[in-house]
Amino acid sequence: MKWKQPANRRVVQAVIAIFRDPVESCRKQLAPLKLSEWAQTYYWLDASGMALYFLKQVELMQLEDALPAETLQRLRRNYIDNEERSNTMFGEFKTINQAFNAIGIRHCNLKGFTLSPHACPDPAARRQSDFDFLVDSRHLEACAETLATTGYIRTGVTKSVWEFKANNFKLPEMRHFYEATPQRSVELHFDSPKHNTPLSNDLLDRAVWQTLHGTTFRALPDSDQLIGQAIHVMSHLRSANTRPSWILEYERHISFHYDDATFWDEVRVRSQTYHEAFTAIGLVNLLSHNILGSKTPKDLNIWTVDCLAPTVKLWAETYGERAVLADFPGTKLYLLLEQQLQTNERLWQETKHRHLLPALTVPSIAQQSPAGSRGASFYRILIQLQFISFRLRFHIIEGFLYFAELANWQSSLAQLQTQNKLCPRSNSDVVPVTENATS
């Protein structure tokens with residue numbers, strides 16, 4: 001099982017440039033790249049979520065001849081496979097929604113298919129791996145019982161999420177990454193005192209009907225979806241790995257509503273009910289601009305980007321692109337950002353130690369087969385040991401690189417303070433909504 005392959009940085013930059021630069025500039029970057037350089041970067045393309053979005057952009061800009069024939073063929077084959085996978089998953093999506101509706105479970109769908117068309121014009125260009133639902137916490141047990149009838153087993157529990165998997169006895173290989181597979185996954189999100197969203201009941205009250213492929217289902221309003229996208233991206237920026245495809249989808253959602261002043265007023269009002277929403281939107285706006293050259297409405301930037309703490313802006317400018325475009329499974333540069341977002345020194349020290357010296361236990365990545373054959377058990381143990389070894393190497397190498405970068409970061413912070421650009425961090429989540437903002 002392979003979990004990592006360093007990408008060719010020239011290819012990575014050319015892939016990102018195609019969403020930002022003019023056609024001829026993109027052609028000049030793509031044409032010199034050799035097949036071996038593309039092959040080296042296939043893993044990054046798949047893990048980053050950018051592969052099929054890149055293909056669609058290449059076709060839109062008519063740059064097919066700038067890619068090696070083998071690379072173009074691979075991308076098109078993967079798109080065909082993923083289209084079938086997407087259709088299969090949409091069938092499962094309908095089945096689960098119908099089952100929940102049949103017994104009166106109060107719920108709505110999150111992410112995934114709900115991102116079309118505003119953030120993801122073509123669902124077949126997005127590799128979806130699971131289904132996310134927001135549910136009334138009183139209906140959790142009913143949800144679990146319903147999912148169990150179709151083979152789902154509860155595999156994880158936190159204060160705000162229950163995770164379920166089905167047919168997860170053998171991990172799919174990367175060569176089948178885009179194909180329809182029997183493995184399925186569901187996450188049920190619900191109320192939590194520490195959850196960074198409004199109460200589930202408040203969100204469920206705001207849920208609207210959305211239609212895709214002739215099927216109608218409950219989803220959050222676009223304004224809540226956009227805020228949720230920003231919060232989701234920031235949560236990953238505060239961890240090792242952030243897919244650039246999430247930022248691309250966020251940018252496309254921004255573009256979809258760019259000239260809709262009423263929508264942006266609604267986003268601002270809604271943002272006040274989410275913890276750290278102003279910071280999340282500002283940070284993702286800034287990274288979207290720096291990496292993809294995105295444009296965001298000026299009025300939106302005034303209460304988001306312009307209100308970011310100078311040290312958070314400095315991290316985005318210094319490390320944002322490097323962190324987002326890193327090889328999977330990412331880096332520990334997020335700890336430099338985390339220190340600026342933490343307001344409690346004791347909690348920061350606990351967070352730092354926990355992430356630099358994590359517990360040796362790692363989650364099980366494959367379910368135990370009910371058949372219980374000796375061969376299946378051996379496979380499961382072998383894969384788990386390989387995964388432990390992989391994570392251990394990551395923590396050692398990236399922990400060392402974090403300390404190596406720490407001196408440079410502290411120097412940058414000192415320089416920022418010297419230039420009198422550092423001001424006390426204010427809580428941007430209490431920015432008031434003015435009369436004009438709601439009119």
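# Exercises on packing and contacts

Leaving aside neighbours within four places in sequence, W44 touches A7, R9, V12, V15, I16, M50, P244, L325, A326 and D327, where contact means heavy atoms within 4.5 Å. The model is predicted: local features need pLDDT of at least 70, side-chain atom pairs count only at pLDDT 80 or more, and totals for chains, interfaces and linings use all residues. Residues are numbered from 1 along each chain as its sequence is written, and side-chain values use heavy atoms, with hydrogens and water left out.

**Exercise 1.** Place W44 in the nonpolar core that it belongs to.

*Solution.* Begin with the term: a nonpolar core is a set of buried Ala, Val, Leu, Ile, Met, Phe, Trp, Tyr and Cys residues joined through side-chain atoms within 4.5 Å. Buried means under 20% relative accessible area, exposed over 50%, and partly exposed in between (1.4 Å probe, protein chains only). Next, take the largest core, which has 96 residues; W44 is listed with I18, L30, W38, F54, L67 and W315 as touching the most other members. Helix α11 (residues 277-292) gives the most to this core, namely 10 residues. Helices (H or I, at least four residues) and strands (E, at least two) are DSSP runs, numbered from the N terminus. Finally, another core of 24 residues lies apart from it, including F113, A144, L147 and L188.

**Exercise 2.** Describe the ring pair of F387 and F390.

*Solution.* Rings of Phe, Tyr and Trp (its six-membered ring) pair if their centres lie within 6.5 Å; planes under 30 degrees apart count as stacked, over 60 as edge-to-face and the rest as tilted. The structure holds 15 aromatic pairs. In the pair of F387 and F390, the centres are 6.3 Å apart and the planes stand at 35°, so the pair is tilted. Both residues are in helix α16 (residues 374-418); because they are three residues apart, about one helical turn separates them. F387 is buried at a relative accessible area of 13%, and F390 is buried at 6%. Elsewhere, F90, F93, F113, F131 and F217 form one aromatic cluster.

**Exercise 3.** Which arginine lies over the face of Y152, and which over the face of Y53?

*Solution.* The test is that NZ of Lys or CZ of Arg is within 6 Å of the ring centre and within 35 degrees of the ring normal. R184 lies over Y152, at 4.8 Å from the ring centre. R252 lies over Y53, at 5.2 Å from the ring centre.

**Exercise 4.** Is Q225 buried or exposed, and which side chain does it join through a polar contact?

*Solution.* Q225 lies in helix α8 (residues 222-237) and is buried, with 7% relative accessibility. A polar contact is a pair of N or O atoms within 3.5 Å; within protein, one must be able to donate a hydrogen and the other to accept it, and residues adjacent in sequence count only if both atoms are side-chain atoms. The side chains of Q225 and H118 are joined by such a contact of 2.9 Å. Beyond neighbours within four places in sequence, Q225 is in contact with T114, L115, H118, Q210, A219, L220 and H253.

**Exercise 5.** Describe how β6 and β7 pair.

*Solution.* Two strands pair if DSSP finds at least two bridges between them. Strands β6 (residues 208-212) and β7 (residues 215-219) are antiparallel, with five bridges. W209 stands opposite R218 in β7. Two residues lie between the strands of this hairpin, where H213 takes a positive phi near 55°.
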